[in-house]
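User: I would like a close look at a single part of this model, followed by an account of how that part relates to the rest of the chain. Please keep the treatment formal and residue-specific.

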Amino acid sequence: MPAPLLFVLSGVTQYLGAALAVGLFAQVAAPTVAWLRVAVAAVVLVGWRRPWRARWTRRDLVRATAFGVVLAGMNVSFYVAIDHLPLGTAVALEFAGPVAVAAVTGHGWRDRVGIAVAAVGVVLLAGVSLQQEGDTATGLVAIAVAAACWAAYIVLGRRVATATTGGVTGLSVAMTAGAVVFAPFLAGGAGPVVHDGRLALAVLGVAVLSSVIPYAIEQVVLRRVRPASFAVLLALLPATAALVGAVALHQVPHGLEVVGLLLVSAAIALTGAHQEQSDEAPPPA
C-alpha cells in the first residue's frame with residue numbers, strides 16, 4: 001500500500017481514538033490519559049510481538065528506550081497543550097517539529113518547498129487562534145515541548161524502524177520504556193480506570209486506535225521513506241481529520257480550509273514524485 005494511503009488509515013484510527021478519549025478527560029487528568037495510552041499499548045504490543053525472541057544489541061536497546069521516552073513525552077506534552085490551547089492551534093504549532101526535520105535533513109528544493117507548502121496548509125486547516133481564556137503560556141510551553149519531541153520521534157523512529165530487531169518489535173520495547181519512565185509521575189491518577197470497567201475498556205480502545213495501529217503503521221512507513229519525506233506526509237493527519245469531519249459529521253471544509261487541503265495535497269505530490277527508496281532490504285517488522 002502506498003505511504004500516503006497508509007497515513008490516511010493511520011489518521012482515521014487516531015481520530016476514532018480521540019473521539020473515545022474525549023469522554024475520559026472529565027474523569028481522568030489529560031496527562032494520565034496520555035500515559036495510559038502508552039502503557040496499555042505497550043502491553044498489547046509486547047503480547048503481540050514478544051520482543052524477547054529477537055536478538056537485541058546494546059545499541060538497539062538504547063535507541064528503543066530513547067525513542068519510547070520521546071514518544072511518551074510527545075503524547076503527554078500534547079495532551080497538556082490541548083488542555084490550554086484550541087486543538088487546531090496546538091496541531092499547527094506542533095507541526096514545527098516536522099518542519100525542522102525536513103529543513104535539516106531534506107535533500108534538494110523539493111523537500112524544503114514541500115514542507116513549507118505543507119506547513120501553510122496545516123495552519124489554514126487548523127484555524128490558528130490564541131484568543132481564549134486560561135493559561136495560554138502553559139499551553140505554548142507544552143506544545144513547544146511536543147514539537148521538539150515530534151522532531152526527535154521522526155529521527156529516532158527511523159533508526160528503530162530500520163534496526164535488525166524490526167520496527168514494530170522495537171516499538172513494543174519503546175512503548176514499555178516510555179510507560180515505565182513516566183509511571184512514577186502519572187500512574188497515580190489512573191485509579192478511576194482501575195475501578196471502572198467501562199473506563200478501562202475505553203482506555204483500551206484509545207490505546208489500540210490512537211497508539212498501537214498508527215504507530216505500527218508509521219514504523220512501516222519510516223522503513224520506506226526518508227525523514228524529510230515522512231515529515232511532509234505527517235501533514236496528511238490534520239487533512240484526514242478535515243475529511244473525516246466532512247464525511248462523518250457533515251462539517252464540510254470551506255474557504256481557507258479548502259485551500260489548506262489543496263496545499264497539503266500539493267506538498268505530498270511534490271515530495272512523493274521524488275522519494276528515494278532505501279537501498280537496503282527492509283528488516284522484518
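Leaving aside its neighbours within four places in sequence, which residues is Ser10 in contact with?

Analyst: In this predicted model, Ser10 is in contact with Pro214, Ile217, Glu218 and Leu237, once its neighbours within four places in sequence are set aside. Ser10 itself belongs to helix H1, which covers residues 3–22. Its relative accessibility is 0%. Because buried means under 20% relative accessible area, Ser10 counts as buried.

One of these partners, Glu218, leads to helix H10 (residues 197–224), since Glu218 is among the H10 residues that also take part in the contact with H7. H10 is therefore a useful element around which to arrange the rest of this description, beginning with its packing against H7.

Helix H7 spans residues 136–161, and its axis lies 8 Å from that of H10, at an angle of about 80°. The two helices are thus roughly perpendicular. On the H7 side, the contact is formed by Tyr153, Ile154, Gly157, Arg158, Val160 and Ala161, and on the H10 side by Tyr215, Glu218, Gln219, Leu222, Arg223 and Arg224. By residue class, this contact holds 6 nonpolar, 2 polar and 4 charged residues.

H10 also packs against H2, which runs over residues 30–49. The axes of H2 and H10 come within 8 Å and cross at roughly 70°. That angle makes H2 roughly perpendicular to H10. From H2, the participants are Leu36, Arg37, Val40, Ala41, Val44 and Leu45, and they meet Val203, Leu204, Val206, Ala207, Ser210, Ser211, Val212 and Tyr215 of H10. The residues of this contact divide into 11 nonpolar, 2 polar and 1 charged. Tyr215 is listed in the contact with H2 and again in the contact with H7.

Helix H3 (residues 58–82) contains Phe67, which connects to several of the residues already named. Beyond its neighbours within four places in sequence, Phe67 is in contact with Tyr153, Leu156, Gly157, Val160, Leu171, Ala174 and Gln219. Of these, Tyr153, Gly157 and Val160 in H7, together with Gln219 in H10, also appear in the contact between those two helices. Phe67 is buried, with a relative accessible area of 0%. The C-alpha atoms of Phe67 and Ala177 lie 8.6 Å apart in space, although the two residues are 110 apart in sequence.

Leu61 is likewise placed in H3, but its accessibility is 39%, so it counts as partly exposed. Apart from neighbours within four places in sequence, Leu61 is in contact with Trp56 and Val173. Ala177 again serves as a reference point: its C-alpha atom is separated from that of Leu61 by 9.7 Å, with their positions 116 residues apart along the chain.

The loop between H2 and H3 contains Arg50. Its phi is near 50°, a positive value in a residue other than glycine. Most residues other than glycine have a negative phi. The relative accessibility of Arg50 is 42%, so this residue counts as partly exposed.

Helix H5 (residues 96–105) has buried positions at Gly97, Pro98, Val101 and Ala102. Viewed down the axis of H5, the buried residues fall within an arc of 130°, so they line one face of the helix. Between H5 and helix H6 (108–126) is a loop that holds His107. With a relative accessible area of 48%, His107 is partly exposed. Its contacts, leaving aside neighbours within four places in sequence, are with Arg112 and Arg226. His107 and Ala228 are 121 residues apart along the chain, yet their C-alpha atoms are separated by 8.0 Å.

These local details belong to a protein with 13 helices and 0 strands. Of its 285 residues, 49% count as buried, Ser10 and Phe67 being examples. Among contacts between residues at least 6 apart in sequence, 88% join residues at least 24 apart. The protein exposes about 12900 Å², with carbon and sulfur atoms supplying 68% of that area.

How values were computed:
Residues are numbered from 1 along each chain as its sequence is written. This is a predicted model: local features need pLDDT of at least 70, side-chain atom pairs count only at pLDDT 80 or more; totals for chains, interfaces and linings use all residues. Side-chain values use heavy atoms; hydrogens and water are left out. Axes are lines fitted to C-alpha atoms, for helices over the stretch in contact, and angles run from 0 to 180 degrees between N-to-C directions. Helices (H or I, at least four residues) and strands (E, at least two) are DSSP runs, numbered from the N terminus. Angles under 35 degrees count as roughly parallel, over 145 as roughly antiparallel, 65 to 115 as roughly perpendicular and the rest as oblique. Contact means heavy atoms within 4.5 Å. Ala, Val, Leu, Ile, Met, Phe, Trp, Tyr, Cys and Pro count as nonpolar, Asp, Glu, Lys and Arg as charged, and the others, Gly among them, as polar. Buried means under 20% relative accessible area, exposed over 50%, partly exposed in between (1.4 Å probe, protein chains only). Accessible areas come from the Shrake-Rupley method with a 1.4 Å probe; for residues, only the protein chains shown count as cover. The arc is that of the directions from the helix axis to the C-beta atoms.
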